[in-house]
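These are my notebook entries on one protein model and the ligand placed in it. I began at the ligand and then followed single residues outward.

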Amino acid sequence: MELIKRLLAGDRRAVARLISMIENNGPEAREALAALYPHTGRAYVVGVTGAPGTGKSTLVNELAKLYRKKDRTVGIIAVDPTSPFSGGALLGDRIRMRDLAGDPGIFIRSMATRGSLGGLAQATADVIKVLDAAGYQMIFVETVGAGQAEVDIAKTAHTTIVVEAPGLGDEIQAIKAGITEIADVFVVNKADREGADSTAMALEMVLNFDHVSRLSSQSPTWRPPICKTIALHGEGVEAVAEAIEEHRAYLRESGEFQRRERERIEAELREMISQEMARRFFQRVGEGVLKDLVDRIARRELDPYSAVAMLLAKMAPRG
Ligand code: GDP
């Protein structure tokens, strides 16, 4: 495919085209993804999540500039599960555009929800593959803190950064959203503001509790560092990059990199199988049958458990 050739050569317009294809979820997107899959697996993916206003965009911006100085190419995907718009500019993009536009070593893309959240997580994973194949070495995936969507998207990242900031109420937002356990690195941003130290201390306490449960969890020996930053002035950002590199080394040395990769591939495969099975199932059974069943279940003439058994019996090979 001509498009794939151009993409592998790093052609930005080919990258943008393919991402649009993924967002439209067409069959040609799947074909293209299959063709470029052998060229993926080289990029390092960093997830950045946290409540709105904590400074994620500013931080990602500064990290991108830092990695560019180290001569590494950078992809940025900003995911907003709460917004129905896509392809356009999210709030943080405006700042980003001003700072990073015009650098051919950076590719920025916003994505928003279309249909289910599962769909968005899959689309994000696919866009990561596109940027990876196009040769972007560091890929930052920024998500607005909203719970389950973050957790799903974090599973596709190698290192996940959870950003906190003082002054957003007494609670630590990540605890409220139940996302502390996905953090490989914590950042307390806006360290120029009052309350940054107590936010960091509160996180420290969570980690002390959490450490016990972590012993049996995914990263038994990794203790997430807490980095204080003033992203607005680029302060402390170098230390965040160091924490990313340390975590990366930890993943490699502990063998967790491979383990997580296999886990991710398996989850993706299972998800794709169930989607494809469901698609074929309804193609064969017909949507009309479903409506009929819904009517009968609503009238309590039938229960959903028996309905599923009946439908599956129809699918069984005859003879
Ligand atoms: P996001 O919603 O998490 O992506 O947050 P943004 O990066 O858009 O930042 C939200 C606001 O906080 C913006 O007005 C930033 O300029 C500001 N901000 C970001 N970092 C800092 C910081 O270190 N200190 C202070 N005082 N403000 C910051």
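**Entry 1: the ligand**

I looked first at polar atoms around the ligand, and found a polar side-chain atom of K190 at 3.2 Å from one of the ligand's oxygen atoms. The model is a predicted one, and I read every distance in these entries with that in mind. For D192 I noted a polar side-chain atom at 2.8 Å from a nitrogen atom of the ligand, while at T54 it is a backbone N or O atom that lies 3.3 Å from a ligand oxygen. I then looked up how far the protein covers the ligand: taken alone the ligand exposes 580 Å², and the protein buries 75% of that.

Which residues of the shell are the closest to the ligand? The shell holds 16 residues, and the closest are G53, K56, S57, T58 and D192. Sorted by class, I have five nonpolar, six polar and five charged residues around the ligand. Helix α4, residues 56–69, gives the largest share of this shell, with three residues.

**Entry 2: the whole chain**

I stepped back to the protein as a whole and wrote down 13 helices and seven strands. Of its 319 residues, 46% count as buried, and the protein exposes about 16700 Å², of which carbon and sulfur atoms supply 56%. Taking contacts between residues at least 6 apart in sequence, I noted that 76% join residues at least 24 apart.

**Entry 3: A231 and T143**

Is A231 buried or exposed? Its relative accessibility is 0%, so A231 counts as buried, the limit being under 20%. I placed A231 in the loop between β7 (226–228) and α10 (237–254). The C-alpha atoms of A231 and T58 are separated by 5.9 Å, although the two residues are 173 apart along the chain. With neighbours within four places in sequence left aside, A231 is in contact with T58, L59, E62 and N189. T58 had already appeared in my first entry, among the residues closest to the ligand.

I then turned to T143, which lies in strand β4, residues 138–144, and is buried at a relative accessible area of 3%. Its side chain makes a polar contact of 3.1 Å with the side chain of T49. Beyond residues up to four places away in sequence, T143 touches V48, T49, G50, K56, V79, E150 and I153, and of these I recognised K56 from the list of residues closest to the ligand.

**Entry 4: E268**

I looked up E268 next and found it in helix α11, residues 256–285. Why does E268 count as buried? Its relative accessible area is 16%, and buried means under 20%, so E268 falls within that class. The side chain of E268 makes a polar contact with the side chain of Q122 at 3.2 Å. Leaving aside neighbours within four places in sequence, I listed Q122, A125, D126 and K129 as the contacts of E268.

**Entry 5: D11**

D11 sits in the loop between α1 (2–8) and α2 (12–24), and with a relative accessible area of 26% D11 is partly exposed. Its side chain makes a polar contact of 2.9 Å with the side chain of R6. I also compared D11 with P104: the two are 93 residues apart in sequence, and their C-alpha atoms are 10.0 Å apart in space.

**Entry 6: positive phi, and the last helix I checked**

Where are residues other than glycine with a positive phi found? I noted D71, with phi near 70°, in the loop between α4 and β2 (74–80), and R300, with phi near 65°, in the loop between α12 (287–298) and α13. I marked these because most residues other than glycine have a negative phi. D71 is exposed, with a relative accessible area of 64%, and R300 counts as exposed at 69%.

From R300 I went on to helix α13, residues 304–315, whose 12 residues reach 17 Å from first C-alpha to last, close to the 16 Å expected at 1.5 Å a residue. What caps the N-terminal end of α13? I found D303 there, with a side-chain oxygen 2.9 Å from the backbone nitrogen of Y305.

Technical notes: Residues are numbered from 1 along each chain as its sequence is written. This is a predicted model: local features need pLDDT of at least 70, side-chain atom pairs count only at pLDDT 80 or more; totals for chains, interfaces and linings use all residues. Side-chain values use heavy atoms; hydrogens and water are left out. Helices (H or I, at least four residues) and strands (E, at least two) are DSSP runs, numbered from the N terminus. Buried means under 20% relative accessible area, exposed over 50%, partly exposed in between (1.4 Å probe, protein chains only). Contact means heavy atoms within 4.5 Å. Accessible areas come from the Shrake-Rupley method with a 1.4 Å probe; for residues, only the protein chains shown count as cover. A residue is near a molecule or strand if one of its heavy atoms lies within 4 Å of it. A polar contact is a pair of N or O atoms within 3.5 Å; within protein, one must be able to donate a hydrogen and the other to accept it, and residues adjacent in sequence count only if both atoms are side-chain atoms. Ala, Val, Leu, Ile, Met, Phe, Trp, Tyr, Cys and Pro count as nonpolar, Asp, Glu, Lys and Arg as charged, and the others, Gly among them, as polar. The expected span of a helix is 1.5 Å times one less than its number of residues.
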